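Trainee: Could you take me through the salt bridges in this one, slowly? I'd like a close look at that one part of the picture.

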Protein chains: 2
Amino acid sequence: MKEFDTRGRSIEDSTIDPANVELLRIAKKDGIDTAFDRVQKQEPKCTFCEEGVSCRTCNMGPCRITPNSPRGVCGATADTIVARGLLQNTIGGAASHMDHARHVAILLREAGMGNAPYEIKDEAKLRRIAGGLGIEGADTKDKKLLAMEVANRALEDLGRQHGEDAMDWIKLHAPEERIDTWKKLGILPFGGNVVVNEGMHRRTMGVDADPVNIILGMLKTGIVDGYGGLAMSTDLQDILFGSPSPKISEAGLGVLREDYINISTHGHVPLLSEKIVDAAEDLEEEAIKAGAKGINVVGLCCTGIELLERKGIPIAGNELNTETAIITGAMEAVVVDYQCIYPGLVPVADNFHTKVITTADIAKIPGAEHIEFNEKEADKVAKKIVRLAIDNFKNRDPKRVNIPNVKSKVMAGFSPEVLVAVLSKINKEDPLKPLVDAITEGKIRGAVAIVGCNNPRVKHDFMNVEIARELIKRNVLVISTGCVATAHAKSGLMNPDTAYKEAGEDLQGVLKVLGKAAGMEALPPVLNFGSCVDNSRIGDLLKALSDRIGVPIKDLPVLASAPEYTTEKALSIGTWAVSLGVTTHINPPPRISGSQLVTKILTEDAEGLVGATVFTGSDPVETARVMIEKIEEKRRKLGLN
Amino acid sequence: MKEFDTRGRSIEDSTIDPANVELLRIAKKDGIDTAFDRVQKQEPKCTFCEEGVSCRTCNMGPCRITPNSPRGVCGATADTIVARGLLQNTIGGAASHMDHARHVAILLREAGMGNAPYEIKDEAKLRRIAGGLGIEGADTKDKKLLAMEVANRALEDLGRQHGEDAMDWIKLHAPEERIDTWKKLGILPFGGNVVVNEGMHRRTMGVDADPVNIILGMLKTGIVDGYGGLAMSTDLQDILFGSPSPKISEAGLGVLREDYINISTHGHVPLLSEKIVDAAEDLEEEAIKAGAKGINVVGLCCTGIELLERKGIPIAGNELNTETAIITGAMEAVVVDYQCIYPGLVPVADNFHTKVITTADIAKIPGAEHIEFNEKEADKVAKKIVRLAIDNFKNRDPKRVNIPNVKSKVMAGFSPEVLVAVLSKINKEDPLKPLVDAITEGKIRGAVAIVGCNNPRVKHDFMNVEIARELIKRNVLVISTGCVATAHAKSGLMNPDTAYKEAGEDLQGVLKVLGKAAGMEALPPVLNFGSCVDNSRIGDLLKALSDRIGVPIKDLPVLASAPEYTTEKALSIGTWAVSLGVTTHINPPPRISGSQLVTKILTEDAEGLVGATVFTGSDPVETARVMIEKIEEKRRKLGLN
């Protein structure tokens, strides 16, 4: 994997984010270790682990596949070991998203019962989901009672232990054509957690040794993530906190404010962070008494995007900004929930006055302060945390404050519902028609969902941003989520005033028409569809387009990409995309190079199973070229020019 | 880990089983690779994986902890990485057992509904469990209806997604003192699969980084295994197939019969193997027509023990006999379900006429024949498999048949119920009194449950057997399960006619009295408590003793040991034992040596949490000495001489 060797890389070669360049220089000067340093110290990597051919499941090992030892002690081959490793990582992702969904469902249930200080902000969506679930009185019943019933159905769906039928959330969101395909392949989940449990079983010593069967199990895990994880989280969060709507805000570390108490919310589940925003408003006076001009709550990672898309809270950065945000010296508190929280935040914060505050019982960090979130006392917990930040303001060393003057205007808050609302201003009867026409006429050649992470093995944001630029130039619409959306936001690609000019002429035309309908000059050519769990919204859009055009998703000119893939969650989201029939680019490659068979299954044979494959590529220009080739091929097959 | 280096080891140094010595010589001559060869080829092992300090959860890695890179890219320390690895392995075990329990529950449900050709063999136990669950009409309701209700409750228990209370199967089997302890520690499971799901979440990148918190999560996983896995499987299997009762049978590869069609059932879940036994009886005529004297069904691994304890079917061997059983050249079919099925069986079978038949949809092996088990057509599937074996008899090469003349008489089928039945012949009012008296008077110094696996890194069966011999000599009662029970069976330690003479004089006296009550000369000093899921029976016995004596389990003079530990399941069972308050020996050590902190938590601090710790040791004499020291310490604390 020579191309990902990071040793000796300069700061300028590590990131395209100018704020990070500035702050990493300070880190270097002050001897502060960040992920950018640690990734270099991890070179050279172990080739066995990198190729996926080491196994430490059972205690007969650890085993490694070599020419002299072509099988592990149990007899597992490289193919088996690679497939199991991949399945296990996919399980880690699906489990994370389903745990997230469960926590939101429990909160919704408590809110419905009046036990937790949360409102039902999107009653219409609640009633729509309840109707889809076939709950009696979905249109008429008291909204709190209904919320409790929907939450109970969600929890049942996650817990179901037997059945033949698809889980409810699959029936709510997946195309029928897909449900049939998955049923035929024997990978249609009837319940949520059971897929994780079964998967952890099948990958243990002496269970599944058949790589094809294991990869089918991986697809099943991706499907359960897509619906039991992503879609369920999104639906229930929308019900609780309101569905997103277009918001203008700012992105980049420059959103931190020197005279203010800065609090960043970081993680994925917005249950507490919504309350932090409220508490910060309530405690403004106390902040002023403490000598600040006020409290500045900013977002990091997906929790940040959840606040951006619903409240317009500025987003300070993505994953690889989480440590440098502390190095600004202006951060009073980093409040984290779970997922993608580097344990490295604490040693970075030890160099400053910043307090890292963990809040989830399953996500503690040695050296951090733990203030446990409790849905019933959410307001109290949020106030306690904000007061801790206020109190910490006095410990800030003004001489060490360095907030880079780097930020971009961003438009966020897109979703299928928002697009339909905009489009229906053009065609009320058949809102999707203008979009479908643009695709069939070739003004939009196709669409690529660019999603996922940052990964310091890749130049920070470089792949995420450059692929997008290459695509929009060639009239391919880009939709992004998660850390990629924030990369696009920071790079100005979501600034509707200017970014649409970076698009090809045809796409520019469409964006102008749509923008006009939306009451502005143009829409941005890269649409911010939200956090990582909001990838479900992309699935909904694809289903709507597929239904409208009358063609399965697998035949649409659409692709997915995770150009700086890090987490198990990104892997399972990608697996879901492939199971949906969306060919997916992934970089750096997952750990499959040790098995030609597994590589072939994913890059070739999957086409016959689900109508989509996986491909890799670390050069953005070349990757975009391949993407456009694949899009044009789909168009030709549909008879489109 | 130099002591486990297996390179250049002779056959005689690899196993104490004379049948294996004989067959491994043939393997060597014929160039057939077995686990005994593969374990040598895996030397030297990777020290990073061995010490638990490599991480490949996310794609920023793989990472390794070295003096130059004390943290992974995310910032995780060796402590975090080691703890997460251990948690993950424990999850693999708990998930396996809960999937097993789920499959049995689904079968029980179908049987109750009249959809599957299975009877309710232990109606009394069904009614007892139903009563314990608080099901109305437990004493009077139609047994099939009741079976369905119990099965539904089991499935609910596995699926539950929220709650404060313990899961039903914990309330059925765990001591109240433990439930309180676990609740205080925040590790009391309310549901089954959710613990696996949460655990897979907490170990992913950026979630739990606190080693103490992660180890608490590991204990929670062990608890869910003990009840949602082991106890539930045992209860439902007893209901379906009957509770075990003392049986005399034979153990060792010598149970294969030259003139018969030999079929071995291998794996863990006896749903199909019970039917194979029936089908073999039904098709005896066809076997005779095919030129054999009949059909000889034998057991391997835990599926074998399930048949032994309920039907007296001979047990051919444990894990490290599964490949050599094929090398006898006399095996027509190896029918496998799941868990501990070496993929290496297939290449071994390729050297002979033997057919390896996989039967579970989640456990296929390339090159094996797959005949899928289906509870509704269980009889049909079983007959198809037996006929395939009959048909395969003609392919046997008589010149290559080598069945070692090695077998031992074995008494199996023990359980708390059986012990109480025997003891009540001595004291009907207070059946446990004779046993409690023997313990308090010191005739039985204490008891050790020796459980778990084979592991070719250890001389096959050596540790399992020698520790037992050392203990019984010193008047410590031994209870064993799984591959250890089969090691003890093969070694004659479960032959009631002779083995009790190997016990210390005091223990001999007790065994004679008990034996007499049971209608024989003496009971064996090593009691076969069944398969690995039957470890739940040991938990039940400990609870009964603890209740009777009025002392928590943690204060009883009892220990557990897994002297040749291989599987993730053994790790999770051991974790359950520790959570119960039973100090546990484990060998070879789990992968914790890379973290002094995790090692300290498990070997020292766990005492303060749950009243038990973990210790290691690879010398059987020294290990037994340490065990006796710990037992005597417990006795002293109880005021016993």
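Mentor: Over all chains, the count comes to 120 salt bridges, and bear in mind that this is a predicted model. Let's pick out a few.

Start with A:K220 and A:E198, whose side chains meet in a salt bridge at 2.9 Å, N to O. A:K220 sits in helix α10 of chain A, while A:E198 belongs to helix α9 (residues 193-202) of chain A, so this pair ties together parts that are 22 residues apart in sequence. Have a look at the surroundings too: A:K220 is buried, and A:E198 is buried as well.

Now hop over to chain B. There, the side chains of B:K394 and B:D391 form a salt bridge, again given as 2.9 Å from N to O. How accessible are these two? B:K394 has a relative accessible area of 58%, and because the cut-off for exposed is over 50%, B:K394 counts as exposed. B:D391 comes in at 48%, so this residue is classed as partly exposed.

Another one in chain B joins the side chains of B:K433 and B:D437, at 2.9 Å, N to O. Both residues lie in helix α18 (residues 433-440) of chain B, four residues apart, about one turn of the helix. B:K433 has 33% relative accessibility and counts as partly exposed. B:D437, at 23%, is also partly exposed, because buried would need a value under 20%.

Back in chain A, there's a network to trace. Salt bridges link A:K125, A:R128, A:D235, A:D238, A:E306, A:E309, A:R310, A:E417, A:D534 and A:R537.

While you're in chain A, follow helix α10 (residues 211-241), the helix that holds A:K220. The axes of α10(A) and helix α6 (residues 143-159) of chain A come within 12 Å and cross at roughly 170°. Angles over 145 degrees count as roughly antiparallel, so that is how α6(A) runs relative to α10(A). On the α6(A) side the contact is made by A:V150, A:A154, A:D157 and A:L158, and on the α10(A) side by A:G228, A:M232, A:L236 and A:I239. By type, the residues of this contact divide into six nonpolar, one polar and one charged. The charged one is A:D157, because Asp falls in the charged class, and the polar one is A:G228, because Gly is counted as polar.

Definitions and conventions: Residues numbered from 1 in each chain as written. Chains lettered and ligands numbered in written order. Predicted model: local features only at pLDDT ≥ 70, side-chain atom pairs only at ≥ 80, totals over all residues. Heavy atoms only, no water. Axes fitted to C-alpha atoms, helices over the stretch in contact; angles between N-to-C directions. Helix = DSSP H or I, 4+ residues; strand = E, 2+ residues; numbered from the N terminus. Parallel < 35°, antiparallel > 145°, perpendicular 65-115°, else oblique. Contact = heavy atoms within 4.5 Å. Salt bridge = Lys/Arg side-chain N within 4 Å of Asp/Glu carboxyl O. Buried < 20%, exposed > 50% of the residue type's maximum accessible area, 1.4 Å probe, protein only.
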